[in-house]
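Welcome, and thanks for taking a look at this one with us. Below is a short briefing to read alongside the model.

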Amino acid sequence: MPMPAYPHHPALRTHGFTLIEVMVVLVIIGLTATGIGVALDAGQGREASRAVERLRLVLEATAERASVRGQPIAVEFIADGYRFSAFETDGNWRPLIDPPVFAEKLLPDDVVRGRLIVEGQDQSATPRLGFGTTPPEFTLELKTPSGRSVLTGRPTGAVSLDTAQVTRQ
């Protein structure tokens, strides 16, 4: 049988892929991986924002509960989150276990507690925030992937959230 005049003739091609086909598949895989990476980064930023907003709401609830019940409540900021204690009638602080609002919470890894200023005093070394019949004035700084967040507590019990966005270059 004589050989065809064109060695690249389709009848001779029986196995494998062409270079173009392989390159197209690699480009598709690369674009998919990039899309997944971007989506994961956006999800982490939203998780951090939700955690900061949850903390703001919990601090407001703590101020209200301490004021209404007349029982002091402390929020202790631990290395990776926060927990609550209530001052009991026997003169001791006991863990406040009242899920889901006052259960111990972990902050996402990308949310880092900064300074805590209570009634004008830096409490960062022993980060504990006490609520009594009158809520304290405080400022709590948090670092998040999207920038710096500052929770500010007022004597009315309201807690506001201010954010400073990070500009990426």
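Let's start at Ala66, which counts as buried because its relative accessible area is 0%. Ala66 belongs to helix H1, and setting aside residues up to four places away in sequence, Ala66 touches Gln71, Ile73, Phe131, Gly132 and Thr133. Please keep in mind that this is a predicted model. From Ala66 we can step back to the whole chain and then visit its salt bridges, its surface patches and a few individual residues.

**Overall architecture**

- The chain contains one helix and 10 strands.
- Following the sequence, the order of elements is α-β-β-β-β-β-β-β-β-β-β, and the helix, H1, covers residues 19-69.
- Of the 169 residues in the chain, 30% are buried.
- About 11300 Å² of the chain is exposed, and carbon and sulfur atoms supply 60% of that area.
- Taking contacts between residues at least 6 apart in sequence, 45% join residues at least 24 apart.
- Ala66 offers an example of positions distant in sequence: its C-alpha atom is 8.2 Å from that of Pro135, and the two residues are 69 residues apart along the chain.

**Salt bridges**

- How many salt bridges does a search of the whole structure find? The search finds five.
- One of them pairs the side chains of Glu53 and Arg56, with an N to O distance of 2.8 Å.
- Both Glu53 and Arg56 sit in helix H1, three residues apart, which is about one turn of the helix.
- The two partners fall into separate accessibility classes: Glu53 is partly exposed because its relative accessibility is 28%, whereas Arg56 counts as buried because its value is 16%.
- Another salt bridge joins the side chains of Asp90 and Arg94, at 2.6 Å from N to O.
- Asp90 is partly exposed, given its 46% relative accessibility, and Arg94 is likewise partly exposed, at 35%.
- Returning to the helix pair, salt bridges with shared partners link Glu53, Arg56 and Glu60 into one network.
- Glu141 and Arg148 also form a salt bridge, their closest N and O atoms being 3.8 Å apart.
- With a relative accessible area of 42%, Arg148 is partly exposed.

**Surface patches**

- Which residues form the nonpolar patch on the surface? They are Phe17, Val22, Val25, Leu26 and Ile29, and together they have about 520 Å² of accessible area.
- Val22, a member of this patch, lies in helix H1 and counts as partly exposed because its relative accessibility is 37%.
- A negative surface patch is made up of Glu47, Asp80, Glu104 and Asp109.
- Glu104 is located in the loop between strand S3 (93-95) and strand S4 (105-106).
- Glu104 is partly exposed, since its relative accessibility is 47%.

**A buried lysine**

- Lys105 is part of strand S4.
- Lys105 is buried yet has no salt bridge.
- Where is the nearest side chain of opposite charge to Lys105? It belongs to Glu104 and is 10 Å away.
- Apart from neighbours within four places in sequence, Lys105 is in contact with Arg54, Asp80, Gly81, Tyr82 and Pro100.
- Among these contacts of Lys105 is Asp80, and Asp80 also takes part in the negative patch.

**A buried serine in strand S2**

- Ser85 is found in strand S2, which spans residues 81-87.
- Is Ser85 buried or exposed? Ser85 is buried, because its relative accessible area is 11% and the cut-off for buried is under 20%.
- Beyond its neighbours within four places in sequence, Ser85 is in contact with Pro72, Ile73, Ala74, Trp93, Arg94, Pro95, Leu96 and Arg128.
- Two names on that list have come up already: Arg94 is the salt-bridge partner of Asp90, and Ile73 is one of the residues that Ala66 touches.

**A backbone angle worth checking**

- Most residues other than glycine have a negative phi.
- Glu119 is not a glycine, yet its phi is positive, at about 50°.
- Glu119 lies in the loop between strand S5 (112-118) and strand S6 (121-122).

Methods:
Residues numbered from 1 in each chain as written. Predicted model: local features only at pLDDT ≥ 70, side-chain atom pairs only at ≥ 80, totals over all residues. Heavy atoms only, no water. Patch = residues over 30% accessible without salt bridge, like charges linked within 9 Å, V, L, I, M, F, W, Y side chains within 5 Å. Areas by Shrake-Rupley, 256 points an atom, 1.4 Å probe, with all protein chains shown as cover. Salt bridge = Lys/Arg side-chain N within 4 Å of Asp/Glu carboxyl O. Lys, Arg positive; Asp, Glu negative; His and termini not counted. Charge placed at Lys NZ, Arg CZ, Asp CG, Glu CD. Helix = DSSP H or I, 4+ residues; strand = E, 2+ residues; numbered from the N terminus. Buried < 20%, exposed > 50% of the residue type's maximum accessible area, 1.4 Å probe, protein only. Contact = heavy atoms within 4.5 Å.
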